[in-house]
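I opened a notebook on this structure. The entries follow the order in which I looked things up.

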Amino acid sequence: MQLRILLIDSDEMRAQALTESLARAGFAEVLHAREGANLSEAVERTKPDLIIIDMALPDRDALEDVRAVSADKPVVMFADSDDPSFVEDAIAAGVCSYNLSGIAFQDVKPIMASAVALFRRYRRVEDELAAAKTQLEERRAIERAKAILMKHRKMTEPEAYRWLQKKAMDENRKLAQVVTQFVREHDIESSPKAEEKAGEKRS
């Protein structure tokens, strides 16, 4: 498993020891950044496959940096403390794997592999949820558009749906785009201000 790793650590000796463990585990490319550096900028600059944060003491301020990047990159954390409260906060911030410092080098590879696998699984679930939410919103918009057509143009439900489909086909756009615009325009035209202006014109 060849991964480009960004290692965040303020202790040079500790960073070197972990780098050697990573090298023995087969991870050839390890990039360093000192603890306290802007993590988002470091990630943007180095474009790693995985981030390792190694710290002597739990630092909740560092978790804000983790939260900013954990949606896009798997994060592994090593610390000298197993404080349950901090571990829980770290996981909530997006850390995929929390470990005590000083692990044997033979344990490094499975830790990295499980962190990457867990991150990919979370991403897959999040993508599926986002797709399901989008689909549900599109269905609601279609039902709303059909209801508008049925009420104001006296169409049947099948007629309203065919009208929307034809409009999408004629405009070479997706049905969801056409429906969203149709409902938005209807809401604008039906707003109190629009009706007030229409009344002023009639008078």
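Before starting on packing, I fixed the term: two residues are in contact when heavy atoms lie within 4.5 Å. I also noted that the model is a predicted one.

Entry 1, helix H2. I looked up which residues of H2 (39–46) are buried, and found Leu 39, Ala 42, Val 43 and Thr 46. Their arc around the axis is only 100°, so they sit on the same side of H2. I then turned to the other side of H2, where Glu 41, Glu 44 and Arg 45 are exposed. Next I asked what the buried residues of H2 pack against. The list has strand S1 (4–8), strand S2 (29–33), strand S3 (50–55) and helix H3 (60–69).

I checked both ends of H2 as well. At the N-terminal end, Asn 38 acts as the cap, with a side-chain oxygen 3.1 Å from the backbone nitrogen of Ser 40. After H2 comes Lys 47, and its phi is positive, near 50°.

Entry 2, helix H4. I repeated the search for H4 (84–93) and noted Phe 86, Ala 90 and Ala 93 as buried. These cover an arc of only 60° around the axis, and therefore share the same side of H4. Pro 84, Glu 88 and Ala 92 are exposed, on the face turned away from that buried side. The buried residues of H4 pack against S3, H3, strand S4 (75–79) and S5. Just after H4 I found Gly 94 with a positive phi of about 115°.

Entry 3, the chain as a whole. I recorded eight helices and five strands. Read from the N terminus, the elements go β-α-β-α-β-α-β-α-β-α-α-α-α. The chain has 203 residues, and buried ones make up 34% of them. Of the contacts with a separation of 6 or more, 60% are between residues 24 or more positions apart.

Entry 4, the largest pocket. I noted a volume of about 200 Å³. The lining has 13 residues, and those nearest the centre are Arg 153, Phe 182, Glu 185, His 186 and Glu 189. Which helices each supply at least two residues of this lining? I wrote down H5 (108–152), H6 (157–170) and H7 (175–189). H7 gives the most, six residues. By type, I have four nonpolar, three polar and six charged residues in the lining of the largest pocket.

Entry 5, the second largest pocket. The volume here is about 150 Å³. Its lining includes Ser 70, Ala 71, Gly 94, Val 95, Leu 118 and Tyr 122. Gly 94 is thus a name I had met before, as the residue just after H4. Strand S5 (95–100) and H5 each supply at least two residues of the lining. H5 has the largest share, five residues. The lining of the second largest pocket divides into seven nonpolar, two polar and two charged residues.

Entry 6, Tyr 122. I picked this residue out of the lining of the second largest pocket. Tyr 122 belongs to helix H5. Is Tyr 122 buried or exposed, or partly exposed? Its relative accessible area is 44%, so I entered it as partly exposed, that class lying between under 20% for buried and over 50% for exposed. Last, I looked up its distance to Ala 71, which also lines the second largest pocket. Tyr 122 and Ala 71 are 51 residues apart in sequence and 9.3 Å apart in space, C-alpha to C-alpha.

Terms used: Residues are numbered from 1 along each chain as its sequence is written. This is a predicted model: local features need pLDDT of at least 70, side-chain atom pairs count only at pLDDT 80 or more; totals for chains, interfaces and linings use all residues. Side-chain values use heavy atoms; hydrogens and water are left out. Buried means under 20% relative accessible area, exposed over 50%, partly exposed in between (1.4 Å probe, protein chains only). Helices (H or I, at least four residues) and strands (E, at least two) are DSSP runs, numbered from the N terminus. The arc is that of the directions from the helix axis to the C-beta atoms. A polar contact is a pair of N or O atoms within 3.5 Å; within protein, one must be able to donate a hydrogen and the other to accept it, and residues adjacent in sequence count only if both atoms are side-chain atoms. On a 1 Å grid over the protein atoms alone, a cavity is a set of points where a 1.4 Å probe fits but cannot get out, and a pocket is an open set with protein on both sides within 12 Å along at least five of seven lines; lining residues have an atom within 4 Å of a point. Grid points are joined across faces, edges and corners, and a volume is the space filled by probe spheres set on the points. Ala, Val, Leu, Ile, Met, Phe, Trp, Tyr, Cys and Pro count as nonpolar, Asp, Glu, Lys and Arg as charged, and the others, Gly among them, as polar.
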